[in-house]
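Biologist: I am new to this structure and would like a close look at a single part of it, the salt bridges and the residues that form them. Could you take me through them slowly, in one connected answer?

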Amino acid sequence: MKIREIERKCNVLWRTVRKAVDSVWPEPRKQLSPRPTALDPYKPFIDEMLRTDLDAPRKQRQTITRIFHRLRPML
């Protein structure tokens with residue numbers, strides 16, 4: 001196949017195709033460091049709510065909307 005065909009088929013740049021053709025083994029991918037999410041500070045609070053819900057009757061358990069409304073004043 002021509003480089004242009006591979007480029008279009010795999011939806012990559014010609015430089016990427018050229019690197020792949022020139023090398024026997026692909027370059028290892030960089031490992032990204034885990035980034036903190038905006039939810040991280042609130043995870044313990046959410047986990048605690050869900051743990052207490054394990055003992056509650058089915059109709060009285062927290063929904064995602066209810067959890068959101070309880071977290072809203074903290075934001």
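Modeller: Glu48 counts as partly exposed, because its relative accessibility is 43%, and in this predicted model its side chain meets that of Arg51 in a salt bridge, with 3.5 Å from N to O. Both Arg51 and Glu48 belong to helix α3, which covers residues 43-53, and because they are 3 residues apart there, about one helical turn separates them. This pair is one of 4 salt bridges that a search of the whole structure finds.

Another of the salt bridges joins the side chains of Lys43 and Asp40, at 3.2 Å from N to O. Here Lys43 is partly exposed, with a relative accessible area of 38%, and Asp40 also counts as partly exposed, at 31% relative accessibility.

In helix α1, which spans residues 3-10, the side chains of Arg4 and Glu7 meet in a salt bridge at 3.7 Å, again taken from N to O. Arg4 and Glu7 lie 3 residues apart in helix α1, about one turn of the helix. The two partners sit in contrasting surroundings: Arg4 is exposed, since its relative accessible area of 52% is over the 50% mark, whereas Glu7 is buried, since its 17% is under the 20% limit. Leaving aside residues up to four places away in sequence, Glu7 touches Val12, Leu13, Trp14 and Val17, so that the picture around buried Glu7 includes these contacts as well as the salt bridge to Arg4.

Technical notes
Residues are numbered from 1 along each chain as its sequence is written. This is a predicted model: local features need pLDDT of at least 70, side-chain atom pairs count only at pLDDT 80 or more; totals for chains, interfaces and linings use all residues. Side-chain values use heavy atoms; hydrogens and water are left out. Helices (H or I, at least four residues) and strands (E, at least two) are DSSP runs, numbered from the N terminus. Buried means under 20% relative accessible area, exposed over 50%, partly exposed in between (1.4 Å probe, protein chains only). Contact means heavy atoms within 4.5 Å.
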